[in-house]
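Trainee: I am new to this structure and would like a close look at a single part of it. Please start with one loop residue and let the account grow outward from there, explaining each term as you use it.

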Amino acid sequence: MIHTDRKIRHDDKVAFTPFLKPSDFDINSPEVKKIPETAISALLDSMDTLSVWCGLVFSPEDLDFARYFYFMYYVEESQKSVPNSHLDPKTRCSSSFNRHDVEVLAVSICNAYKSKFSLAAHSLLLTGSQEGKVSNPEARKQGLAQLAEAVTARPLDVTKLAQVRGRIEAEFGREFLVEACGVAGAMELLTKVDDATGKTPLPSSVRHIGKGVMFLRKLVAS
């Protein structure tokens, strides 16, 4: 599956664990041909220079399922880098839950787990997302932050989690709660990947430029 002249890579500036790159794989090998094409495609597409997925953590098919789950409950893959886009109403059960809500919750969970790579990425996306005209915006942010706190608490306090869910449902509706819980589950999965691979965040200079770009895109979109 891996070219015979390639070796497992080690670079603490990229990830704490050993990793692979797309060029390391022999896509014509008999082993690769036994794996579904969608799984191999997902693996190779994920292993770019900014977000190295360590090939020793997931099997290709497991990674394919993880990505499917993540993008289904977070945002569609085509929209992941376009934070000022609207969520597809055909795949969401609440029109009141928007991309800004998604990123508020994502940042809160990443921050709770101290997942520096994802925290840096989702902080940029939060900068580029539009809050829109919503009722009681501060209560929304507070409710989502409380959900993140309850979900990430260890040991898990089921009673507190139920109380937070109840408040969010009473304030914003059951559909809003379902969407928020789905995003929380997706971010739980992503932070586990971060923890396992030890991926390092982009340099501060790149993040600073990215923040400016996201802000300008939001300004133009508004």
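Mentor: Asparagine 136 sits in the loop between α5 and α6, where the helices are DSSP runs of H or I at least four residues long, strands are runs of E at least two long, and both are numbered from the N terminus. Its phi is near 50°, a positive value in a residue other than glycine. With a relative accessibility of 41%, asparagine 136 counts as partly exposed, a class that lies between buried (under 20% relative accessible area) and exposed (over 50%), taken with a 1.4 Å probe and the protein chains only. Please keep in mind that this is a predicted model, in which local features need pLDDT of at least 70 and side-chain atom pairs count only at pLDDT 80 or more, while totals for chains, interfaces and linings use all residues. Residues are numbered from 1 along each chain as its sequence is written, and side-chain values use heavy atoms, with hydrogens and water left out.

A positive phi also appears at lysine 114, where the angle is near 55° in a residue that is again not glycine. Lysine 114 belongs to the loop between α4 and α5, the latter covering residues 116-128, and at a relative accessible area of 67% lysine 114 is exposed. Another backbone feature is found in the loop between α6 and α7, where proline 155 is placed: the peptide bond leading from arginine 154 into proline 155 is cis, with omega near 0°.

The helices on either side of that loop are joined by a salt bridge between the side chains of glutamate 149 and lysine 160, at 3.4 Å from N to O; the term stands for a side-chain nitrogen of Lys or Arg within 4 Å of a carboxyl oxygen of Asp or Glu. Because glutamate 149 lies in α6 (residues 137-152) and lysine 160 in α7 (residues 158-172), the pair ties together parts that are 11 residues apart in sequence. Both partners are partly exposed, glutamate 149 at 46% and lysine 160 at 33%.

Helix α4, which runs over residues 99-113, holds a salt bridge within itself, since arginine 99 and glutamate 103 both lie there, 4 residues apart, or about one turn of the helix. The closest N and O atoms of arginine 99 and glutamate 103 are 2.9 Å apart. Arginine 99 is buried at 3% relative accessibility, and glutamate 103 is buried too, at 0%. Aspartate 101 is placed in α4 as well, and this residue counts as buried at 3%. If residues up to four places away in sequence are set aside, aspartate 101 touches Ser96, Arg140, Leu144 and Phe176, a contact being a case of heavy atoms within 4.5 Å.

Arginine 99 also leads to the second largest pocket, which is lined by 16 residues, with His86, Leu87, Phe97, Asn98 and Arg99 lying nearest its centre. Such a pocket is found on a 1 Å grid over the protein atoms alone, as an open set of points with protein on both sides within 12 Å along at least five of seven lines, and its lining residues have an atom within 4 Å of a point. The lining comprises 4 nonpolar, 8 polar and 4 charged residues, where Asp, Glu, Lys and Arg count as charged, Ala, Val, Leu, Ile, Met, Phe, Trp, Tyr, Cys and Pro as nonpolar, and the others, Gly among them, as polar.

Closer to the start of the chain, arginine 9 forms a salt bridge with aspartate 24, and their closest N and O atoms are 2.9 Å apart. Both residues lie in the segment before α1 (30-33), so this pair ties together parts that are 15 residues apart in sequence. Arginine 9 is partly exposed at 28%, whereas aspartate 24 is buried at 1%. The pair belongs to a network of salt bridges that links Asp5, Arg6, Arg9 and Asp24, and the count of salt bridges comes to 11.

As for the whole protein, its secondary structure comes to 9 helices and 0 strands, and 40% of its 222 residues count as buried. Among contacts between residues at least 6 apart in sequence, 66% join residues at least 24 apart.

Key:
1 Å grid on protein atoms, 1.4 Å probe; cavity = no way out; pocket = protein on both sides within 12 Å on 5 of 7 lines; lining within 4 Å.
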